[in-house]
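Work through the exercises below with the sequence and the model side by side. Each task is followed by a solution that goes step by step.

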Amino acid sequence: QDGFCSALSEASQPWMEARIARKLRNTPGAVEALLNTWIARFESEDPFARGRLAGMLGHLNDERALPVLRAWAKSPIERLRVRATLALARMGDDATWPAVEELLDHRSESVALDAADTLITYGRGGAHQDDALGLLVELADDPRYRMRQSAVRAIGEIGRRTPQVVALLQELSDAEADGYLAHDARRALGLIK
């Protein structure tokens, strides 16, 4: 009834969590109610529910959520720890950078792809912007196809033109073996400044 795409507990994709976060930001008093009242109630919830909340908080990008996310990122429960870490990374938390590098090699492709997606935030500014762009250039040659595709798209989203980025994207654009990746590389070339 409030126009959410789904309940947070059923938001199985990062875009769903992002849409819920956007709706909360646009609802007067909702973010304050969540952060001042409701978030404390989640401490007694199962790790799955806290993980979903962590994902949404990362998209909400409100610094008041940092203490909760940092505590959850130290959880002994892997699912909650990973989701909180990814949320912190989405917020560009510098202290989370080493964990993001590790998550790029996570056994779950979904987690690794989410970690690669957070490199966009890091690549747009901050202490790790060059590291993030360098990692994405490396990931454009990853054996995992979806990771290569994600890296190329992320490079375009960051929008930074460097000789290394231009050379990579031009090489991928000219490759005849993979029309999809070549298309993504041409699009990324159009986005970089």
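**Exercise 1. Find which residues line the largest cavity, and sort them by element and class.**

Solution. In this predicted model, the residues that line the largest cavity are Pro14, Glu17, Gly55, His59, Arg83, Leu86, Ala87, Arg90 and Asp114. Here a cavity is a set of points on a 1 Å grid over the protein atoms alone where a 1.4 Å probe fits but cannot get out, and a lining residue has an atom within 4 Å of a point. Next, assign the lining to elements: α1 (14-25), α3 (47-60) and α5 (78-90) each give two or more residues, and the largest share, 4 residues, comes from α5. Helices are DSSP runs (H or I, at least four residues), numbered from the N terminus. By class, the lining has 3 nonpolar, 2 polar and 4 charged residues, where Ala, Val, Leu, Ile, Met, Phe, Trp, Tyr, Cys and Pro count as nonpolar, Asp, Glu, Lys and Arg as charged, and the others, Gly among them, as polar. Finally, the volume of the largest cavity is about 40 Å³, and the structure holds 1 cavity of 30 Å³ or more; a volume is the space filled by probe spheres set on grid points that are joined across faces, edges and corners.

Two notes on reading the model: residues are numbered from 1 along each chain as its sequence is written. Because the model is predicted, local features need pLDDT of at least 70 and side-chain atom pairs count only at pLDDT 80 or more, while totals for chains, interfaces and linings use all residues, and side-chain values use heavy atoms, with hydrogens and water left out.

**Exercise 2. Examine two residues of that lining, Arg90 and His59, and decide whether each is buried or exposed.**

Solution. Begin with Arg90, which lies in helix α5 and has a relative accessible area of 13%, so it counts as buried (under 20% is buried, over 50% exposed, and partly exposed in between, with a 1.4 Å probe and protein chains only). Not counting residues up to four places away in sequence, Arg90 touches Pro14, Gly58, His59, Asp114, Asp117, Thr118 and Thr121, contact being heavy atoms within 4.5 Å. Then take His59, placed in helix α3, which is also buried because its relative accessible area is 18%. With neighbours within four places in sequence left aside, the contacts of His59 are Pro14, Glu17, Ala18, Ala21, Arg25 and Arg90.

**Exercise 3. Describe the largest pocket by its volume and its lining.**

Solution. A pocket, by contrast with a cavity, is an open set of points with protein on both sides within 12 Å along at least five of seven lines. The largest pocket has a volume of about 680 Å³, and of the 26 residues that line it, Pro14, Ser110, Val111, Leu113 and Asp114 are the closest to its centre. At least two lining residues are supplied by each of α1, α5, α7 and α9, and the lining divides into 7 nonpolar, 7 polar and 12 charged residues.

**Exercise 4. Trace the largest nonpolar core and the place of helix α8.**

Solution. A nonpolar core is a set of buried Ala, Val, Leu, Ile, Met, Phe, Trp, Tyr and Cys residues joined through side-chain atoms within 4.5 Å. The largest has 37 residues, of which Leu119, Leu136, Leu139, Val152, Ile155 and Leu169 touch the most other members. The elements that give two or more residues to this core are α5, α6, α7, α8, α9, α10 and α11, and α7 gives the most, with 8 residues. Now turn to helix α8 (residues 129-139), whose buried residues are Ala132, Leu133, Leu135, Leu136, Val137 and Leu139; these pack against α6 (97-103), α7 (109-123), α9 (145-158) and α10 (163-174). For Leu136, leaving aside neighbours within four places in sequence, the contacts are Ala116, Leu119, Ala151, Ala154, Ile155 and Ile158.

**Exercise 5. Classify the aromatic pair in the structure.**

Solution. Rings of Phe, Tyr and Trp (its six-membered ring) pair if their centres lie within 6.5 Å, and planes under 30 degrees apart count as stacked, over 60 as edge-to-face and the rest as tilted. The structure holds 1 aromatic pair: the ring centres of Trp97 and Tyr122 are 5.0 Å apart and their planes stand at 80 degrees, so the pair is edge-to-face. Because Trp97 lies in helix α6 and Tyr122 in helix α7, the pair ties together parts that are 25 residues apart in sequence. Both Trp97 and Tyr122 are buried.
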